[in-house]
Amino acid sequence: MNKQRIGIILLLMFLFCANSYSQDEFSFYKIDTKRSYIRWSAAKLTRTHYGRIYLDSSYISSLNGKINDGFFSVNMNTMINSDVQSKKENQQLMKHLKSSVFFDVQKFPNSSIKIIKAIPNVFFKNGQPNYTLVGELKIKDLTQIITFPAYISLAGQSLRGKAVFSFDRTKFGMQFNSEKYFPKIGKLLIHDDVKLEIVIIGIRNE
């Protein structure tokens with residue numbers, strides 16, 4: 001095989017690889033922070049509290065029609081309670097949740113969820129999660145790896161998604177009235193798990 005034929009073969013291989021690479025389609029979806037939110041709920045022994053938190057600048061990206069990665073910046077100052085009707089008691093509860101014994105919002109105004117891996121569920125049925133997401137949950141100055149199911153739909157220029165998971169607050173330095181740390185706390189017990197339901201709407205950037 002002469003040098004000219006070798007050169008042609010190498011050129012054809014390069015063009016094939018370049019063409020394959022150019023077919024990769026990367027899309028970026030900006031999250032609509034006015035219509036997206038996180039519904040939180042947490043329970044003590046006698047009652048469950050719930051409310052919403054809203055997002056700052058956030059995104060999800062896709063590669064060839066599949067979720068690739070994403071980042072959600074959670075504005076902790078937007079956290080509200082929806083179940084306590086008394087204005088005074090509501091304010092007291094939110095002051096407590098934003099204090100240093102819980103989320104310490106003055107010092108840490110933002111939390112975040114970073115998607116580092118999205119595993120498609122090829123056997124999903126309509127309405128069921130079509131991805132398993134692996135990510136990093138950062139609250140205050142602590143980060144934990146999380147894995148949770150999610151349903152994310154890409155249709156035209158829009159993205160819609162929903163996911164539900166829980167995290168252990170004590171892993172983020174929130175030990176207040178935890179049975180794990182205060183086994184004799186009795187009726188003042190606050191459960192460790194905090195449930196988050198994420199609802200997102202995104203628009204594809206051109």
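**Thr46**

I started with Thr46 and asked whether it is buried or exposed. Its relative accessibility is 64%, and the cut-off for exposed is over 50%, so Thr46 counts as exposed. I note here that this is a predicted model. Thr46 sits in the loop between β2 and β3. I then looked at Lys187, which is 141 residues away from Thr46 along the chain. The C-alpha atoms of Thr46 and Lys187 are 7.7 Å apart.

**β2 and β3**

Next I followed the strands on either side of that loop. β2 covers residues 37-44, and β3 covers residues 48-55. A hairpin of three residues connects β2 to β3. The two strands run antiparallel and are joined by six bridges. I picked out one residue pair: Trp40 is opposite Gly51 of β3.

Which side chains of β3 are buried? I found an alternating pattern along the strand. His49, Gly51, Ile53 and Leu55 point to one face and are buried. Thr48, Tyr50, Arg52 and Tyr54 point to the other face and are not buried.

**On through the strands**

I moved from β3 to β5, residues 66-81. β3 and β5 are antiparallel and share four bridges. Arg52 has Ile80 of β5 as its bridge partner. Arg52 is also one of the β3 residues on the face that is not buried.

From β5 I went on to β6. This pair is antiparallel too, with six bridges. Ser73 is bridged to Ser112 in β6. Then I checked β6 against β7. They run antiparallel and are joined by eight bridges. Lys117 has Val134 of β7 as its bridge partner.

**The core**

Which residues of the largest nonpolar core touch the most other members? Phe103 and Phe167 do, out of 41 residues in that core. I listed the contacts of Phe103, leaving out neighbours within four places in sequence. Phe103 is in contact with Phe167 itself. Its other contacts include Met76, Met79 and Met174. Leu97, Phe108 and Ile139 are also on the list. Two lysines, Lys98 and Lys140, appear there as well.

**The cavity**

I turned to empty space. A probe the size of a water molecule, rolled over the atoms, shows where such space is left. How many cavities of 30 Å³ or more does the whole structure hold? The search finds one. The largest cavity has a volume of about 90 Å³. It is lined by 13 residues, and Phe72, Leu133, Ala163, Ile198 and Ile200 are the closest to its centre. Four elements each give two or more residues to this lining: β6 (110-120), β8 (142-155), β9 (158-168) and β10 (190-205). By class, I count 11 nonpolar residues, one polar and one charged in the cavity lining.

**The pocket**

Last, I looked up the largest pocket. It holds about 630 Å³ of space. Its lining has 36 residues, with Ala42, His49, Leu93, Leu97 and Phe102 nearest the centre. β2, β3, β5, α2 (87-97), β6, β7 (131-139) and β10 each give two or more residues to the pocket lining. I sorted the pocket lining by class: 23 nonpolar, seven polar and six charged residues.

Two names came up twice. His49 is among the buried side chains of β3, and His49 is one of the residues nearest the pocket centre. Leu97 is in contact with Phe103, and Leu97 also lies among those nearest the pocket centre.

Terms used:
Residues numbered from 1 in each chain as written. Predicted model: local features only at pLDDT ≥ 70, side-chain atom pairs only at ≥ 80, totals over all residues. Heavy atoms only, no water. Buried < 20%, exposed > 50% of the residue type's maximum accessible area, 1.4 Å probe, protein only. Pairing = 2+ DSSP bridges. Core = buried A, V, L, I, M, F, W, Y, C linked by side-chain atoms within 4.5 Å. Contact = heavy atoms within 4.5 Å. 1 Å grid on protein atoms, 1.4 Å probe; cavity = no way out; pocket = protein on both sides within 12 Å on 5 of 7 lines; lining within 4 Å. Points joined across faces, edges and corners; volume = space filled by probe spheres on them. Nonpolar A, V, L, I, M, F, W, Y, C, P; charged D, E, K, R; others polar.
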